[in-house]
Amino acid sequence: MQTINKKNIPEELVVKVEKLSNLGFGIAKYEAYVLFVEGACPGDTVKIKVGKKNKTYANARVIEIIEPSEYRVEPFCPMQKVCGSCQLQFIDYQYQLKLKKDIVKDAIRSICGHEIEVRDVIESPKVREYRHKIQYPVSETQNSKRIIAGYYKTGSHELVNIKYCPIQPEYCDKIIDFIRNAAQELGISGYNEKKHVGDLRHVVIRSSNYNSKNLVILVMNSTKVFDKLKKLASKLYNELDNVSGVGVNFNSKKTNLILGENTEILEGEAFIEEKLCDKVFKVGAKTFFQVNPESANNIFEYVKKYISDNFEKPMILDAYAGITAFGICLSDIARKVVSVEEVKESVDLADKVIKENGIKNVELHNMDASKFFEKELNTKGRQFDVAVLDPPRKGCSQESLDYALKLTKGKIIYVSCNPATLARDLKYLIEKGCKVDFIQPFDMFPHTYHVEDVAVITIV
Ligand SMILES: C[S@@+](CC[C@H](N)C(=O)[O-])C[C@H]1O[C@@H](n2cnc3c(N)ncnc32)[C@H](O)[C@@H]1O
């Protein structure tokens with residue numbers, strides 16, 4: 001491959017942006033040298049300032065748009081340029097979908113290396129007010145000690161105080177503003193990340209799309225509840241109509257993790273309710289649940305239809321199950337569903353839902369998926385017609401894929417939020433003799449580079 005000495009790359013140059021990277025940067029080239037340009041749309045001709053140069057690539061930022069791409073649009077959020085959340089809001093939504101399909105195809109081509117059909121991305125039913133899990137870091141201004149809450153600027157830990165965010169339900173802005181003011185009045189301080197001092201670190205809201213109720217979790221740099229905190233919780237619960245529960249999460253460690261181990265509910269209920277495939281689920285503070293419930297519903301309905309079109313009363317394995325959303329949605333068409341999830345809170349909430357709905361054919365296991373697969377093989381020897389695998393971003397281990405193959409005789413439906421690890425795992429499955437029928441992407445996070453995929457795999 002042709003290389004270029006990084007010293008020969010000018011500090012400023014004009015480039016034509018060719019495509020979008022998997023992290024949402026525009027990709028341009030100076031001869032063979034790759035430039036990842038923040039805030040650039042494929043088709044743009046832009047003047048850029050080149051940042052720190054690595055051997056084969058550098059990041060860069062736009063200093064002037066010389067000729068805009070035909071797909072550039074005016075962002076609908078006034079904070080888009082400063083807040084790091086919606087990197088792609090300046091790109092036409094339909095074109096975002098095409099770019100996301102290209103991201104998936106590129107990952108398959110470069111990491112998996114096999115030809116796989118990638119279908120058009122199914123769009124999100126909502127492109128605004130779609131995000132139902134909000135996690136705002138909280139801090140305070142240096143001199144006036146005013147509480148601020150919002151998102152970080154791209155690639156930094158500089159907090160942008162956000163009063164209005166059009167991608168989350170409007171009511172959440174009201175809750176956050178209420179917390180800013182009430183905490184200030186009560187003398188609860190905002191957290192200073194560098195010095196590891198201050199009280200309130202994050203506000204986490206689980207907001208229901210089904211009934212508009214909200215569970216608010218105050219993440220505190222403390223190990224126990226104190227009087228002012230109790231007062232804040234009680235004000236939130238009593239003065240805001242749609243707040244159905246308030247909890248405190250204790251996180252006094254010097255860590256980037258948002259939530260600490262323990263959560264205590266101070267007011268109201270420990271969960272909100274959400275509806276998928278005509279079933280009402282319970283979502284708690286630490287439970288995984290898709291942030292875009294309407295797009296999630298599309299995925300669940302899609303998988304349900306695919307399985308019912310291809311199997312008669314199948315045995316289904318739901319692994320990395322969370323609140324067993326797939327398993328419970330699929331229980332109507334299955335002979336039996338066996339689910340496994342490592343977070344106890346999620347399994348307990350799934351248990352409540354199956355009991356309340358009188359569902360008899362779902363069996364829940366609170367374990368590491370791989371260990372459960374091994375145990376299942378060595379003890380019960382059950383065979384599944386379909387395995388739904390929906391792992392976290394890091395994907396599946398080879399060990400768990402090997403076990404899943406031994407346990408399943410029909411199809412694996414692999415649901416992924418990370419095209420790179422999906423591509424890696426599909427490569428492994430193909431090497432083990434599987435055939436990947438197709439990949440169906442879904443847009444769960446409009447205006448970001450994220451894309452969710454459903455891959456259908458035949459075990460040959
Ligand atoms: C992407 S989420 C999917 C959840 C669920 N399928 C849904 O759509 O709501 C991944 C889930 O896997 C769980 N998990 C992560 N690693 C695990 C492991 N080794 N064994 C079992 N569950 C695991 C996480 O707690 C999380 O609930």
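Okay, let's start with a strand pair: β7 and β10 (residues 200–207) run antiparallel, joined by five bridges. By pairing I mean that DSSP finds at least two bridges between the two strands. Strands here are DSSP E runs of at least two residues, helices are H or I runs of at least four, and both are numbered from the N terminus. Within that pair, Tyr-136 sits opposite Val-203 of β10.

Quick housekeeping. This is a predicted model, so local features need pLDDT of at least 70 and side-chain atom pairs pLDDT 80 or more, while totals for chains, interfaces and linings use all residues. Numbering runs from 1 along each chain as its sequence is written.

Back to β7, which has a second partner: β8 (residues 147–152), also antiparallel, over three bridges. There, Glu-140 bridges to Ile-147. Six residues lie between the strands of this hairpin, and Lys-145 has a positive phi near 55°.

So is β7 enclosed or open? Largely enclosed by the rest of the structure, because six of its eight residues (133–140) are buried. Buried means 20 or more other C-beta atoms within 10 Å of a residue's own, with C-beta atoms placed from the backbone.

Now the ligand. It is surrounded by 18 residues, and the closest include Phe-288, Tyr-320 and Asp-390; the cut-off is a backbone-placed C-beta atom within 6 Å. The shell splits into eleven nonpolar, three polar and four charged residues. Both α5 (325–330) and β17 (336–341) give at least two residues to that shell.

Notes: Ala, Val, Leu, Ile, Met, Phe, Trp, Tyr, Cys and Pro count as nonpolar, Asp, Glu, Lys and Arg as charged, and the others, Gly among them, as polar. A residue is buried if 20 or more other C-beta atoms lie within 10 Å of its own, exposed if 12 or fewer, and partly exposed in between; C-beta atoms are placed from the backbone.
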